[in-house]
Amino acid sequence: MTTIDPGDAALGTISLASILIGLPLNLIMLAYFLTFSGKRTLSYTLYSLICVVDITIITAHFPTTISYLDNRNPVLFESDIFCSIWGLVWNTAMRVSVFIIAVLCVSRMIAIVFPLRKIYRLRLCVDTTA
C-alpha cells in the first residue's frame with residue numbers, strides 16, 4: 001500500500017471541504033436569486049450568473065480532488081475526451097467569471113456616477129452608448 005503525500009492529502013482534503021461547503025451554499029443562493037419575488041434588477045441577474053459559474057467551477061474541480069486523494073492517479077483524466085471537455089469547461093468558466101465581475105463593476109460605477117439613472121439589463125449588455 002502506498003501512502004499519499006501529505007501535501008496532496010491536504011490539498012485533496014481542502015478541495016473536498018470546499019466542494020462540500022461551496023456547492024450547497026451556491027445552490028441555496030441561486031435558488032434565492034431565482035425565486036426572489038422583488039426586483040428583477042441587473043444586480044440580481046449578475047449574482048445569479050456568478051452562482052452558476054461558481055457551481056460550474058466547483059463541479060469541474062471534483063476530478064482534480066479525486067486525483068489528489070488517489071495519490072495523483074489520473075482517474076478521470078486518462079480519457080482524452082474527458083480532458084478536452086474538462087479543459088474547455090474550466091477555461092471558459094474562469095473567463096466568464098472574470099467577465100461577469102467586470103460587468104458588475106461597470107454597473108456599480110455607472111450607479112455611482114449617475115445615482116438617479118436606472119440601469120437596464122439589455123442596454124448595458126448591448127448598447128454601450130447609453
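This report walks through a few spots in a predicted model, from its core to its surface.

## The nonpolar core

Let's start on the inside. The largest nonpolar core is built from nine residues. They are Leu42, Leu46, Ile50, Val53, Ile57, Ala93, Ile100, Val103 and Leu104. Which helices supply at least two residues each? That would be α2, covering 42–69, and α3, covering 80–113. The largest share comes from α2, with five residues.

Now pick one member of this core, Val53. If you skip residues up to four places away in sequence, Val53 touches Ala93, Val96, Ser97 and Ile100. Two of those partners, Ala93 and Ile100, also appear in the list of core residues.

## A nonpolar patch on the surface

Nonpolar residues turn up on the outside too. Ile21, Leu25, Ile28, Met29 and Tyr32 form a nonpolar patch on the surface. Taken together, these residues have about 490 Å² of accessible area.

Have a look at Ile28, one of the patch residues. You'll find Ile28 in helix α1, which runs over residues 6–35. Is Ile28 buried or exposed? Its relative accessible area is 54%, so Ile28 counts as exposed, given that the cut-off for exposed is over 50%.

## A buried aspartate

Helix α1 is also home to Asp8. Here the picture flips: Asp8 has a relative accessible area of 7%. Because buried means under 20%, Asp8 counts as buried.

What does Asp8 touch, once residues up to four places away in sequence are set aside? The answer is Tyr68 and Arg72.

## The loop between α2 and α3

Next, follow the chain into the loop between α2 and α3, where you'll meet Asn71 and Val75. Both are worth a look for their backbone angles. Asn71 has a phi near 60°, a positive value in a residue other than glycine. Val75 has a positive phi as well, near 30°, and again the residue is not glycine.

How accessible are these two loop residues? Asn71 has 29% relative accessibility, while Val75 has 33%. Partly exposed covers the range between the buried cut-off of 20% and the exposed cut-off of 50%, so Asn71 counts as partly exposed, and Val75 does too.

Notes: Residues are numbered from 1 along each chain as its sequence is written. This is a predicted model: local features need pLDDT of at least 70, side-chain atom pairs count only at pLDDT 80 or more; totals for chains, interfaces and linings use all residues. Side-chain values use heavy atoms; hydrogens and water are left out. Patches are made of residues with over 30% relative accessible area and no salt bridge: like charges are joined within 9 Å, nonpolar side chains (Val, Leu, Ile, Met, Phe, Trp, Tyr) within 5 Å. Accessible areas come from the Shrake-Rupley method with a 1.4 Å probe; for residues, only the protein chains shown count as cover. A salt bridge is a side-chain nitrogen of Lys or Arg within 4 Å of a carboxyl oxygen of Asp or Glu. Helices (H or I, at least four residues) and strands (E, at least two) are DSSP runs, numbered from the N terminus. Buried means under 20% relative accessible area, exposed over 50%, partly exposed in between (1.4 Å probe, protein chains only). A nonpolar core is a set of buried Ala, Val, Leu, Ile, Met, Phe, Trp, Tyr and Cys residues joined through side-chain atoms within 4.5 Å. Contact means heavy atoms within 4.5 Å.
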